[in-house]
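User: I am new to this structure and should like a close look at a single part. Please begin with one pair of residues and work outwards from there.

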Amino acid sequence: MRHIRFIPDDTKIRFMWMRSYSFPGSAIAGIVSLVLFAMLGLNYGIDFQGGTLIEIRTLDGPANIAEIRGRLGEINLGDVQVQSFGGEDEVLIRIESQEGGDLAQQSVVDRVRLVLGEQVEYRRVEVVGPTVSAELAQAGTIGVLTALFAVLVYIWFRFEWQFALGAIIATVHDVIMTIGMFAIVQLEFNLSSIAAILTIVGYSLNDTVVVYDRIRENLRRYKKMSLPDLLDVSINQTLSRTTLTSFTTLLALFALFIFGGEVIRSFTFAMIWGIFIGTYSSIFIAAPILIYLRLRPSTGGDEPAAAGEAEAA
Amino acid sequence: MLHFARWKVGLILAAVVIGFLFTLPNFFSAETVAKWPDFLPKSRLVLGLDLQGGAHILMQVERESIVKDRVDQLRDDARKILREARIGYTGLGVQGESVQVRVRDVAQLEDAQQKLAELAQPLNGSVFGGGTERDVTIEADADGLIRLTLTEAGLNQRVSSAVDQSIEVVRRRIDQLGTTEPSIQRQGDDRILIQVPGLQDSQRLKTLLQQTAKLTFHLVCTDMSAEQALQTRPPADCDIRYSTDEPPVPYLIERRALVGGEDLVDAQPSFDQRSNEPIVTFRFNTSGARRFATVTEQNVGRPFAILLDKEVVSAPVIREPIRGGSGQISGSFTVESANDLAILLRAGALPADLTIVEERTVGPGLGKDSIAAGETAAIIGSVAVITFMVLAYGLLGVFANIALIANVGMIIGILSLLQATLTLPGIAGIVLTVGMAVDANVLIYERIREEARSGRSAIAAIDAGFARALGTILDANVTTLIAAVILFQLGSGPVRGFAVTLAIGIATTVFSAFTFTRLLVATWVRSRRPTSVPI
């Protein structure tokens with residue numbers, strides 16, 4: 001029986017040669033992401049902005065979104081978003097944070113209940129006051145930064161400092177790209193988005209560490225090979241694994257995205273994006289950046305790989 | 001790498017079997033599980049509020065309300081002390097967190113200072129032995145101005161004890177709702193987290209939680225009418241309070257309360273015998289009853305006011321002395337509001353105002369849908385991954401799948417054992433682990449293929465494949481684990497559930513890669529003696 005393979009054996013793709021495209025490309029994409037983040041901003045959910053989120057199901061047939069919007073518009077709640085959520089009788093209502101502190105938030109739900117009447121099942125009600133939302137935003141930022149720092153320290157211990165720095169640059173790249181994606185798609189950015197980013201950080205590092213591990217091993221084995229060639233060899237050797245793992249992870253994530261329900265859809269969407277970005281960055285950012293970090297400063301030019309091959313004991 | 005001591009084999013298999021044993025209770029009904037013999041594990045997965053439905057409410061003790069109460073109290077106490085000591089003063093008033101007063105005769109300044117010093121109480125558990133730290137500081141200027149200021153430490157202690165007391169009151173109130181296993185915990189310095197699983201009506205819970213339920217009885221001031229007081233200004237000892245009627249009616253009442261809710265021993269909803277309207281009957285303890293009797297004896301014919309949270313609920317006239325220590329409150333109650341008031345009075349008043357700062361409620365319908373969606377996604381995701389592994393690696397893929405199933409079994413077993421909460425993102429974490437767990441096998445198998453291609457014999461390749469891949473697996477998983485731990489630290493509720501399953505998934509993945517998969521492959525190698533690597 002022939003087994004499925006995505007990548008033929010013994011590929012000799014010259015990834016390092018592509019760095020003159022991938023680096024500027026990533027740099028531009030990163031700047032664009034940051035500019036979009038600054039200009040468009042993120043579509044912050046109530047976790048970080050405060051406000052009220054109500055998911056309802058109408059009990060008397062399909063929901064009339066326009067009517068619900070009209071009725072809610074009459075009670076002075078500021079910005080109210082009404083959208084269909086999953087089935088045709090399911091509606092998600094988002095109401096902006098009210099002026100007047102935590103107490104004012106509480107009356108919102110009562111007023112909405114009054115207006116929408118009896119023929120409604122309240123499936124989910126979330127109210128986050130301004131105090132808590134500010135804390136959550138702070139905790140989220142601190143969390144991502146701490147994670148990056150902790151990993152930096154770990155990789156520094158296990159590898160050399162160039163690896164640690166390279167891994168962090170690649171990971172920051174992923175985080176920026178993910179934020180850019182959130183800015184473009186205007187996908188709601190909430191606590192589970194932070195969870196998604198941290199998982200992407202974890203996954204991307206996982207991928208990067210696997211490649212680095214092989215680079216480290218090859219550094220000992222091929223003492224005279226030039227660094228770019230050595231990086232190419234290492235990436236090619238791990239390429240089959242990289243693609244297979246990304247594929248199985250994506251299989252699981254697509255199952256979640258399609259069948260896992262509305263509530264976690266934005267979370268899985270961000271994760272799927274992160275798998276692509278994380279895989280890309282381990283190959284095209286994390287590895288080539290080692291050249292610039294002068295991991296092996298003594299050798300330079302792109303000599304043929306076979307030239308200096310010597311098995312280390 | 002392929003040799004296992006017999007005891008190791010035993011341990012590995014035992015770990016897997018025990019893992020599965022712990023998942024068992026989840027597949028049977030609670031009644032069936034209860035009948036099992038004691039040596040079998042019985043704990044089931046704890047479902048998060050997002051899966052079983054329920055309310056998550058975070059309340060904050062309002063520091064400002066405590067400061068206000070304290071500073072008002074301080075002013076009243078200072079007035080009392082100065083009057084009793086016959087020290088002339090002027091300009092007694094509250095300013096922020098302090099009380100100011102000017103002593104008329106500077107000669108009495110020292111005396112006043114000494115008398116007022118008793119207001120500064122040492123703090124409990126002060127770190128400085130002997131209690132040098134106090135809850136009030138007293139400063140005086142030479143020109144007779146005295147300033148009493150509440151200290152930060154003193155206020156912190158008040159807030160902290162208000163949280164403790166509030167937790168008790170909240171617990172008593174929620175117990176009256178008859179829900180199962182509510183969890184009420186302190187969070188941080190000034191917050192209380194309330195989680196009530198399976199609650200259908202969160203509105204009622206919120207109504208019960210948001211009221212301070214401070215009940216007081218006051219005499220109505222007869223010096224002037226409320227209307228007059230509104231136009232001019234109320235007499236020194238009186239305040240204007242509004243009734244709960246629509247529109248509110250103003251009452252001028254004496255500031256000092258005759259009796260308070262703390263003297264209540266019981267409160268019950270009932271019906272008025274004549275009008276048949278819902279009312280709340282109450283009973284005082286002995287000292288409360290005695291005080292109430294004395295006051296009513298002295299004031300027959302005068303109206304008094306019953307105040308709930310500074311609003312006048314009812315203002316009847318005292319027709320005769322009330323000696324029995326019991327009475328009734330009639331307002332415009334509905335059956336439910338009378339019932340709720342009785343609950344609140346029985347549970348006692350909150351020591352400070354509580355504000356809801358975060359609320360997340362999931363109805364039981366959405367919870368069921370989420371479980372169903374999570375299960376579907378988990379099954380489809382697993383089947384897809386399992387099928388793919390067989391297609392990619394054949395027999396070794398089957399081994400990977402057996403390890404994968406053992407892995408998921410152990411995750412669920414550990415979650416049940418630790419009684420960790422399973423949330424919807426937690427299910428996502430398990431599904432994601434399914435995707436990533438095979439990574440360990442992919443790493444090993446790809447390494448074996450490489451070793452085989454570089455000319456090693458099948459058995460040597462397998463041996464070297466395992467040996468070289470395991471270091472990579474460890475490094476790669478530790479980094480993900482770091483992210484999971486931080487996620488756990490910072491997240492709450494559903495996100496925390498995700499971090500827990502992710503972390504446990506990483507641990508079991510590493511375990512099964514290092515032991516179970518290796519054991520499976522080793523057994524196969526020994527029994528078949530393969531001459532070529534079948535991948």
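Analyst: Pro269(B) has Val280(B) of strand S14(B) opposite it. The model is predicted: local features require pLDDT of at least 70 and side-chain atom pairs pLDDT 80 or more, whereas totals for chains, interfaces and linings use all residues. Residues are numbered from 1 along each chain as its sequence is written, while chains are lettered from A and ligands numbered from 1 in the order in which they are written.

Strand S13 (residues 264-271) and strand S14 (residues 278-284) of chain B pair in the antiparallel sense over seven bridges. Two strands count as paired if DSSP finds at least two bridges between them. Helices (H or I, at least four residues) and strands (E, at least two) are DSSP runs, numbered from the N terminus. S13(B) and S14(B) make a hairpin with six residues between them, and Asn276(B) in the turn has a positive phi of about 65°.

Val280(B) also has a bridge partner in S17(B), namely Ile329(B). S14(B) and S17(B) run antiparallel and are joined by four bridges. The result is an open sheet of three strands in the order S13-S14-S17 (chain B), with antiparallel pairing. Its edge strands, each pairing on one side only, are S13 and strand S17 (326-329) of chain B. On average, neighbouring strands of this sheet are turned by 25° against each other, direction ignored. Axes here are lines fitted to C-alpha atoms, for helices over the stretch in contact, and angles run from 0 to 180 degrees between N-to-C directions. Helix H10 (residues 335-347) of chain B lies across S13 and S14 of chain B and runs at about 170° to S13(B).

Another sheet involves both chains. It is open, with eight strands in the order S3(A)-S4(A)-S2(A)-S5(A)-S18(B)-S2(B)-S8(B)-S7(B), and the pairing is antiparallel. Strand S3 (80-85) of chain A and strand S7 (183-187) of chain B are the edge strands, each pairing on one side only. Neighbouring strands of this sheet are turned by 20° against each other on average, direction ignored. Within chain B, eight bridges join S2(B) to S18(B), and these strands run antiparallel; Met59(B) has Ile356(B) of S18(B) as its bridge partner. Helix H4 (residues 101-116) of chain A packs on the sheet, touching strand S2 (51-58), strand S4 (87-96) and S5 of chain A together with S18 of chain B, and its direction makes about 165° with that of S5(A). H11(B) packs on the sheet as well, touching S2 and S5 of chain A together with S18 of chain B, with its direction at about 90° to that of S5(A).

The chains are linked through strand S5 (residues 120-128) of chain A and S18(B), which run antiparallel and are joined by five bridges. One residue of the pairing is Glu126(A), whose bridge partner in S18(B) is Arg360(B). The contact between the chains takes 59 residues from chain A and 61 residues from chain B; two residues are in contact if their C-beta atoms, placed from the backbone, lie within 7 Å. On the side of chain B that touches chain A, elements supplying at least two residues each include strand S18 (354-362) and helix H11 (364-393). H11(B) gives the most to this side, with 16 residues. By class, the side of chain B that touches chain A has 35 nonpolar, 17 polar and nine charged residues. Here Ala, Val, Leu, Ile, Met, Phe, Trp, Tyr, Cys and Pro count as nonpolar, Asp, Glu, Lys and Arg as charged, and the others, Gly among them, as polar.
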